[in-house]
Amino acid sequence: MTDALVPNITHFLNNVDPFNKMPEPLVRQVASTVKITYVGKGEILDPYLNSASTQPVETRELEKQDKYLYVIRSGAMEQREADGVLRARLGAEDVFGFTFLDSSVSEQKGYKAIALENTLLYLIPHKALTSIFKDSPEFAEHFAAQAQTRLKSALDVVWSNKEKGLFIRTVSEVASKAIAIVDAKMSIQEVAKEMRYKKRTSTAVVCDDGQLIGIITDRDMTKRVIADGYDLTAPIKSVMTANPMTVSPHDLVLHAASLMMQHNIRSLPVVEDGKVVGLLTTSHLVQNHRMQAIFLIEKIKYAESVEDLEALNTERQAIFEALIEGQVPPDITGRVMAMMMDAYNRRLIQLAISHFGEPPCKFSWIVAGSHARNEVHMLSDQDSALVLSDDATENDKVYFRQLSQYVVKGLDACGYPLCPGNYMAATPKWCQPQSVWREYYRKWVSNPEYERLLNISVFLEIRSVYGEASYADELRDELHSQIKSNREFLGILTRDAINTQPPLGVFKNLVLEKTGENKKTLNIKKYAINLIIDLARIYGLAVECDSSNTKERFTRANEQGILSDDAYKNILNTYQYVLMFRQHHQLEALKQGGQPDSHINPDTFGSFERGNLKDAFLIISGLQDAAKLRFAGRM
């Protein structure tokens, strides 16, 4: 290559990810090493042999002593695994060859690239890149052989620009570990000394045989002991607040602060595996941070009508936009949005009870889908149901149908659309006693035909937001019990989950929606997000994970050893990336006064997005194959 071409190649690479993350002098250094080759339509390029040919059995030598990273200057190619399975389709500005730059990857695990049309390639020698990484190791991560490492790098670039606010930190990051833990048999005076002189804290947690049974604060001491002249030798158990509310160290501070405001409490013990590990007090929250979501939840709590709640829509959207613009991790954004949706549900149920009178029997309002998973976004619609006690009468059902219609219509007015499939508590089929729900799950699992599979796919994730929380727990236990008795169920669920394959090319008009109003767009929900959720559901059910959250399901599967560490890291980074991708798309729509959706125009993709989406789709496809091998054999 002549030096005259270097400026042109440099200019091109400056617009291609990941070279656009490097300073121009380094890009110019890379450009000076580029070899240019032309591959005609139908020719096969075998990167592991560094060869190209129109016949698979014959090769046109390039340079066998070196390996390359390939950049498509113009044209189109597709990658196929050794068994012929499509790996990806690539267009101009796409980069491939990350994998075989890793000397630990064997040739047997390699793939071949076939030119779909006449293609001009830039070949960057491996030795040129390793020389640069030796002097500038901070850029090596962007060229990592592992797709999950490149995806993590992409996420880190996005999230590292701003400090996380208090409300998206976890309780463990904020809570105090200096806590007074006292025995229930200790006297009031002994506990007061422990708090005042030894631990210098305003709060003590009371334990009996190592188990938390109560809490006492200095304010309690003033009101319950001193003001009433209580005997200071009496056991602390006699004046403590029994069965205090607790939080986990992994909960968001936002969640803890919301509990404090809802229940008017000033201290929350932090409990992990049954042991008190810290204490969160209101003083930990008095910092110079914006807590918009908490203030909105407080407004929702005291709204007097559906109209009052509806008036808060603009504020809810503003919080969503602030979370995205503030570079908050996508999974945490989903949890914050779910907390607000919980608050709307609870307040509407309370307003309905004020309107229709006290419930005639015990009940639980359960949510399903993205709401149950704590993965709410601006497109989330309603998925809900009512579980009634088994002593509910027909007249009781009439009451709950009226209540549910009030709540469902109210949620719709507040910006949470009606479920197109009518999976809502206002539908009589989904307002039933516990025994009927148990029978639903038995039928769905034992005979998962299409309609029943559709039903259970909605109610495989449930969570109680009001009423008897134990009802949802009991149904979840029933589900796990039925799956244990029907080994074929996970296989059928897997078969259904892998029917849709992720698109393996994101350029031109390939793998785009071909009909309808969203023609020639990429449906990121259908071809990425839903596929990951389906896989998490299967792995989570396989290990009887009580959580419906996608991340927590994968975590439990990894802890139980049925999901490898590499696969676990791969899929979590992929999930975070595609969620972030959709959230930013929705943000742009909102800013332009449009309706947010999941249909993305590929004309807006740069090489950065295209390359990372390609990595994401490869990882999803790989986990689908792994799930098929592990679970489909149960059919």
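**Cavity lining.** I sorted the residues lining the second largest cavity of this predicted model and got 4 nonpolar, 5 polar and 4 charged. I put the volume of this cavity at about 90 Å³. Closest to its centre, among the 13 lining residues, I listed Pro330, Asp331, Gly334, Glu375 and Leu579. I then asked which elements give two or more residues to the lining. They are helix 12 and helix 21, the latter spanning 565-591. For context, I searched the whole structure and found 6 cavities of 30 Å³ or more.

**Sheet.** I looked up an open sheet of 4 strands next and noted the order 19-18-17-20, with mixed pairing. Strand 19 (431-433) and strand 20 (462-467) are at the edges; each has a single partner strand, so one side of each lacks a neighbour in the sheet. From one strand to the next I noted an average twist of 30 degrees.

I then took the pairing of strand 17 with strand 18. Strand 17 covers residues 363-368 and strand 18 residues 384-388; the two run antiparallel and are joined by 5 bridges. Which residue of strand 18 stands opposite Trp365? I found Leu386 there.

**Helices on the sheet.** I checked helix 12 again, this time for its packing. Helix 12 (residues 330-356) packs on the sheet and touches strand 17 and strand 20. The direction of helix 12 makes about 40 degrees with that of strand 20. Helix 17 (residues 469-485) also packs on the sheet, where I found it touching strand 17, strand 18 and strand 20. For the direction of helix 17 against that of strand 20 I noted about 160 degrees.

**Backbone entries.** I went through three loop residues. The peptide bond from Asp17 to Pro18 is cis, and I noted its omega as near 10 degrees. I placed Pro18 in the loop between helix 1 (6-13) and helix 2 (24-31).

Asp209 is not a glycine, yet I found a positive phi for it, near 55 degrees. Asp209 sits in the loop between strand 12 (203-208) and strand 13 (211-217). Is Asp209 buried or exposed? Its relative accessible area is 72%, so I entered Asp209 as exposed, the cut-off being over 50%.

Asn243, also not a glycine, has a positive phi of about 50 degrees. I located Asn243 in the loop between strand 14 (241-242) and helix 8 (253-263). I entered Asn243 as exposed because its relative accessibility is 68%.

Conventions. Residues numbered from 1 in each chain as written. Predicted model: local features only at pLDDT ≥ 70, side-chain atom pairs only at ≥ 80, totals over all residues. Heavy atoms only, no water. Pairing = 2+ DSSP bridges. Axes fitted to C-alpha atoms, helices over the stretch in contact; angles between N-to-C directions. Contact = heavy atoms within 4.5 Å. 1 Å grid on protein atoms, 1.4 Å probe; cavity = no way out; pocket = protein on both sides within 12 Å on 5 of 7 lines; lining within 4 Å. Points joined across faces, edges and corners; volume = space filled by probe spheres on them. Nonpolar A, V, L, I, M, F, W, Y, C, P; charged D, E, K, R; others polar. Buried < 20%, exposed > 50% of the residue type's maximum accessible area, 1.4 Å probe, protein only.
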